[in-house]
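Let's take a walk through this model together, going from one residue in a loop out to the rest of the fold. Keep the viewer open as you read.

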Amino acid sequence: MQKFTTRFFCLIVLAATVILHTATAQSTIASATTASFAPPVNPKYTKDVSSVDNIIAALYNVICGAPGEPRDWERFKYLFGKDAKLIPTAKDPAGKYIYRTMTPDEYITMFSSRIKTGFFEKELKRETVSFGTVYHAFSTYETREKENGPSTNRGINSIQLFKDQDRFYIVNVYWCAESMGFTLPASALK
């Protein structure tokens, strides 16, 4: 009987330890995940991240401007989650389709060093679906070198968003332009 009681007691202690460890680990993971997506609140940009419409409008707006016009890169970075990526597709020298990934900071460097003309991008149409904390926007865009100039390119931005209790975060922006040799379907324009 004493062996049974000792084993039973050991099992109870083991079960309590496992439960306590699991609860602690889950709490730690939840805290880490929340903290990784929680930059200090910036009152200048809280409206930008308050809805899907606002965050996507801010994304398009912040990169637009005349040649040499400074962009608000602090605002741009505020739109993104900690591990966010910007993922353009392209063709390599052999004509094969490729993609690359950039952090928001890498995008800023690329944009600042390569875009010497004016750059104006606007949304033409959007389809959004969501479930819980996950939002996905398929956003058709058009670019111009002058605000009211002729279109220089069109394409689709696939924008993945995370919604917590307080705000939206861009997790990824993955895009393909017509300049890759594709034509936008009519359904992406209506």
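Start at Lys44, which sits in the loop between α1 (2-36) and α2. Bear in mind as you look that this is a predicted model. Is Lys44 buried or exposed? With a relative accessible area of 59%, Lys44 is exposed, because anything over 50% falls in that class. Its side chain still has a partner: it makes a polar contact with the side chain of Tyr45, at 3.4 Å. Now look across to Arg75, which is 31 residues away from Lys44 in sequence, yet the two C-alpha atoms are 8.3 Å apart in space.

Zoom out for a moment to see where that loop fits. The protein has 4 helices and 6 strands, and along the sequence they run α-α-α-β-β-α-β-β-β-β. Of its 190 residues, 35% count as buried. The protein exposes about 12100 Å², with carbon and sulfur atoms supplying 61% of that area. As for how the chain folds back on itself, take the contacts between residues at least 6 apart in sequence: 53% of them join residues at least 24 apart.

Follow the chain from the loop into α2, and you meet a set of buried residues: Val52, Ile55, Ile56, Ala58, Leu59, Tyr60 and Val62. The spacing in that list is worth a look. An α-helix has 3.6 residues a turn, so residues three or four places apart point the same way. Within α2, buried residues such as Val52, Ile55 and Leu59 can be picked out in the viewer. What covers the buried residues of this helix? The cover includes α3 (73-78), along with β1, β3, β4, β5 and β6.

One of those covering strands, β3 (residues 120-131), holds Lys125. This is a lysine to compare with the one in the loop. Lys125 has a relative accessible area of 19% and is buried, because the cut-off for that class is under 20%. And what does its side chain reach? There are two backbone oxygens, that of Ser187 at 2.5 Å and that of Lys190, also at 2.5 Å. Leaving aside residues up to four places away in sequence, Lys125 touches Phe138, Ser139 and Thr140, and further along the chain Ser187, Ala188, Leu189 and Lys190.

Next, move to β5, where two polar side chains are worth a stop. Ser151 is found in this strand, and at 36% relative accessibility it counts as partly exposed. The side chain of Ser151 makes a polar contact with the side chain of Glu142 at 3.4 Å. Beyond four places in sequence, Ser151 touches Glu142, Thr143 and Arg144. Glu121 is 30 residues from Ser151 in sequence, with 9.4 Å between their C-alpha atoms.

Asn153 lies in β5 too. On one side of the sequence, Asn153 touches Tyr141, Glu142 and Thr143, and on the other Ala177, Glu178 and Ser179, again not counting residues up to four places away. Among these, Ser179 is a polar partner, its side chain meeting that of Asn153 at 3.0 Å. Asn153 and Ser179 are 26 residues apart in sequence and 6.5 Å apart, C-alpha to C-alpha.

That leaves the pockets. The largest has about 810 Å³ of space. It is lined by 35 residues, and the closest to its centre are Pro88, Met110, Ile115, Phe119 and Trp175. Which elements give two or more residues to this lining? They are α2 (52-62), β1 (80-91), β2 (97-99), α4 (104-114), β4 (134-144), β5 (151-163) and β6 (168-177). By class, the lining has 21 nonpolar, 8 polar and 6 charged residues.

The second largest pocket has a volume of about 200 Å³. Of the 14 residues that line it, Phe138, Gly155, Ile156, Trp175 and Cys176 lie nearest its centre. β5 and β6 each supply at least two of the lining residues, and β6 gives the most, with 4. This lining divides into 9 nonpolar, 4 polar and 1 charged. Two names in this pocket should ring a bell: Phe138 is among the residues that Lys125 touches, and Trp175 is also one of those closest to the centre of the largest pocket.

Notes:
Residues are numbered from 1 along each chain as its sequence is written. This is a predicted model: local features need pLDDT of at least 70, side-chain atom pairs count only at pLDDT 80 or more; totals for chains, interfaces and linings use all residues. Side-chain values use heavy atoms; hydrogens and water are left out. Buried means under 20% relative accessible area, exposed over 50%, partly exposed in between (1.4 Å probe, protein chains only). Contact means heavy atoms within 4.5 Å. Accessible areas come from the Shrake-Rupley method with a 1.4 Å probe; for residues, only the protein chains shown count as cover. A polar contact is a pair of N or O atoms within 3.5 Å; within protein, one must be able to donate a hydrogen and the other to accept it, and residues adjacent in sequence count only if both atoms are side-chain atoms. On a 1 Å grid over the protein atoms alone, a cavity is a set of points where a 1.4 Å probe fits but cannot get out, and a pocket is an open set with protein on both sides within 12 Å along at least five of seven lines; lining residues have an atom within 4 Å of a point. Grid points are joined across faces, edges and corners, and a volume is the space filled by probe spheres set on the points. Ala, Val, Leu, Ile, Met, Phe, Trp, Tyr, Cys and Pro count as nonpolar, Asp, Glu, Lys and Arg as charged, and the others, Gly among them, as polar.
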